[in-house]
Structure formats: C-alpha cells, structure tokens
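Student: Could you take me on a close look at one part of this model, the surroundings of a single buried aromatic side chain, and show me how that part fits into the rest of the chain?

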Amino acid sequence: MTQKTRKILSLAAFGIFILLSAFVCVKIGGPLVRYAKEPERFRQWVDGNGVAGRLVYVGMIVLQVIVAVIPGEPFELLGGYAFGAVEGTILCVIGAFIGSVIVFLLVRKFGVMLVKVFFEEEKLQRLKFLQSSPKRNYLYLIIYIIPGTPKDLLSYFAGLTDIRLPMWLLICSLGRLPSVVTSTVGGSAVNEQNYLFAAAVFIGTLALSILGIAVYNRICRKHEET
C-alpha cells in the first residue's frame, strides 16, 4: 500500500469518525442525558435486565468519554443511584478505562486534527507544557485528580504526548476516582432518600470543584509564564 493510499484511507476514516460523532451527539447523546436525568426509570430497567443493564451502563460511560461534549457527571450520579456507591464506582471506572483506551489510540492515529473536533486551539495551547515537562506524569496525575479539571480535554491531549499507554491508563484511572466516588456516593444517598447526606456531598464536591478549577488555572498560568 502506497503512502498516498494510506493517507486517503486515514482521511476517509477520520471523516467517518466525525460523522459518527455528530450522529451520536444528535441522536444518542441527547436522549442519553435525558435518560440520566430519570434515574428511577433507569434503575427499574436495570433491576429487570441484570447483567445486560450493567453492560449498557458501561457502554454509556464509554460513549461519554469518547464523545467529549456529552457531560459525564449525570452518568456517574446515575450509576450511584441505580447500582449503589460501590458497584456504581466499579462500573463507571471500567467504562472510563475502556473509553480512555479508545480515545488514546484514536488520537495517536489521527493526531491533533481529531482533538480539535472537540476542543478549541486555545485550550490545547494551555496544556503544551505537558508535552515537554520532565515532571509530566506527576503533573498529569495532580491535575487529573483535582476535582473540577477538564478531564475530557486531558484525556484527548494525552494522545498528543509521548506518554506510554499503560502509564496513562494508571494516571487517568487513579485520577478519576475522587470525582467518580463523590458522584456515585451522592447518587446512592439520593436513592436511599438520605437527602441531607447527599446535599452535603454535592455541596462539598462543588466547593472542591471551584477550588480545583482555580488550582488548574494557576498551574496552567505558571507554565505559560515560564
């Protein structure tokens, strides 16, 4: 196969991916988000479908990670509500793990043009320091573990660096845990009608997210100035 043929096939595959992403956003993403806002209906469906219901939920998380414009928090809350804090967390982490592998490999294949489908150039420029910093892995873990940071952006940007896939999967799996756990615990508390505890979890998470965004912006500004 000639280089020109490979390039044509790559562009064709990229075009198909963009079309599929647009279709998912319009036809599937919206309904999924609405479904996530009806946790009792979903829980009842899960109770009647056993393993199949859990596979569907994992697939929802995978889809959310790949199509970055779909928000993740409603699905994490849904997992806690439908499955409980422990099982919801496990299923959520499994889905995010699979989605992260797919995103990483897609970005390694198609490069920055794929990332720009979902994110503006300005946001990518703010993370340029992660491509060259000798402390990149450490910084990635710190940024990723902070609540409120743009984890979808970080997931896509990882494929633009020379970080190895196993290291990246370790970082993003550990880094997602605090956010996932607080969401699933909150969702589980709502299901158990422990509204006071759920409110405390959500308020605490909001406060940490606001602080996390401030820390993230400070880290980015610090490296922009160097």
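**Around tryptophan 168**

Tutor: Happy to! This is a predicted model, and confidence varies along it: among the elements of the protein chain, helix H4 (residues 85-110) has the highest mean pLDDT, 90, while helix H1 (residues 3-36) has the lowest, 53. For the protein chain as a whole the mean pLDDT is 79, with 81% of the residues at 70 or more.

Let me set the scene before we zoom in. The protein chain holds 11 helices and 0 strands, so read from the N terminus its elements run α-α-α-α-α-α-α-α-α-α-α. It has 226 residues, of which 43% count as buried. Among its contacts with a separation of 6 or more, 76% are between residues 24 or more positions apart.

Now to the residue itself. Tryptophan 168 belongs to helix H10 (residues 165-191). In the largest nonpolar core, which has 52 residues, Trp168 is one of the three that touch the most other members, together with Leu127 and Tyr156. The element that gives the most to this core is helix H2 (residues 39-66), with 10 residues. Setting aside neighbours within four places in sequence, tryptophan 168 contacts Ser100, Phe104, Tyr140, Tyr144, Leu154, Ser155, Ala158 and Ile163.

Two of those partners deserve a visit, and I'd begin with Ser100. Serine 100 is in helix H4, and its relative accessibility of 1% makes it count as buried. Apart from residues up to four places away in sequence, serine 100 touches Trp168, Leu169, Cys172 and Arg176, as well as Val65. Helix H4 itself passes a simple length check: at 1.5 Å a residue its 26 residues should span 38 Å, and the end C-alpha atoms lie 37 Å apart, which agrees. Just after H4 comes glycine 111, with a positive phi of about 75°.

The other partner to visit is Tyr144, and here we come to the rings. In the whole structure, a search finds 6 aromatic pairs. One of them joins tyrosine 57 and phenylalanine 83, whose ring centres are 5.2 Å apart and whose planes meet at 55°, so this pair is tilted. Since tyrosine 57 is in helix H2 and phenylalanine 83 in helix H3 (residues 73-83), the pair ties together parts 26 residues apart in sequence. Tyrosine 57 and phenylalanine 83 are both buried. Our own pair, tyrosine 144 with tryptophan 168, has ring centres 5.3 Å apart and planes at 90°, so it is edge-to-face. This pair also links distant parts of the chain, with tyrosine 144 in helix H8 (residues 136-145) and tryptophan 168 in helix H10, 24 residues apart. Both tyrosine 144 and tryptophan 168 are buried.

Tyrosine 144 has a further neighbour: the charged end of lysine 151 sits over its ring, 5.9 Å from the ring centre. Elsewhere, ring pairs join Phe118, Phe119 and Tyr156 into a cluster; Tyr156 is the residue named above beside Leu127 and Trp168 for touching the most other core members.

Let's follow helix H10 onward from the tryptophan. Leucine 170 lies in H10 too, but at 48% relative accessibility it counts as partly exposed, whereas tryptophan 168 is buried. The C-alpha atoms of leucine 170 and leucine 141 are 9.1 Å apart, with their positions 29 residues apart along the chain.

Beyond H10, a loop leads to helix H11 (195-225), and glutamine 193 lies in that loop. Glutamine 193 is not a glycine, yet its phi is positive, near 60°. With a relative accessibility of 58%, glutamine 193 counts as exposed.

On the far side of the loop, alanine 198 is found in helix H11, and its 2% relative accessibility makes it count as buried. Once neighbours within four places in sequence are left aside, alanine 198 is in contact with Gly186, Ala189 and Val190. From alanine 198 to valine 185 the C-alpha distance is 7.8 Å, for a gap of 13 residues in sequence.

To come back to where we began: tryptophan 168 touches Ser100 and Tyr144, among others, and the tyrosine 144 contact is an edge-to-face ring pair that links helices H8 and H10.

Terms used:
Residues numbered from 1 in each chain as written. Predicted model: local features only at pLDDT ≥ 70, side-chain atom pairs only at ≥ 80, totals over all residues. Heavy atoms only, no water. Core = buried A, V, L, I, M, F, W, Y, C linked by side-chain atoms within 4.5 Å. Buried < 20%, exposed > 50% of the residue type's maximum accessible area, 1.4 Å probe, protein only. Helix = DSSP H or I, 4+ residues; strand = E, 2+ residues; numbered from the N terminus. Contact = heavy atoms within 4.5 Å. Phe/Tyr/Trp six-rings, centres within 6.5 Å; stacked < 30°, edge-to-face > 60°. Lys NZ or Arg CZ within 6 Å of the ring centre and 35° of its normal. pLDDT = per-residue confidence, 0-100. Expected span 1.5 Å × (residues − 1).
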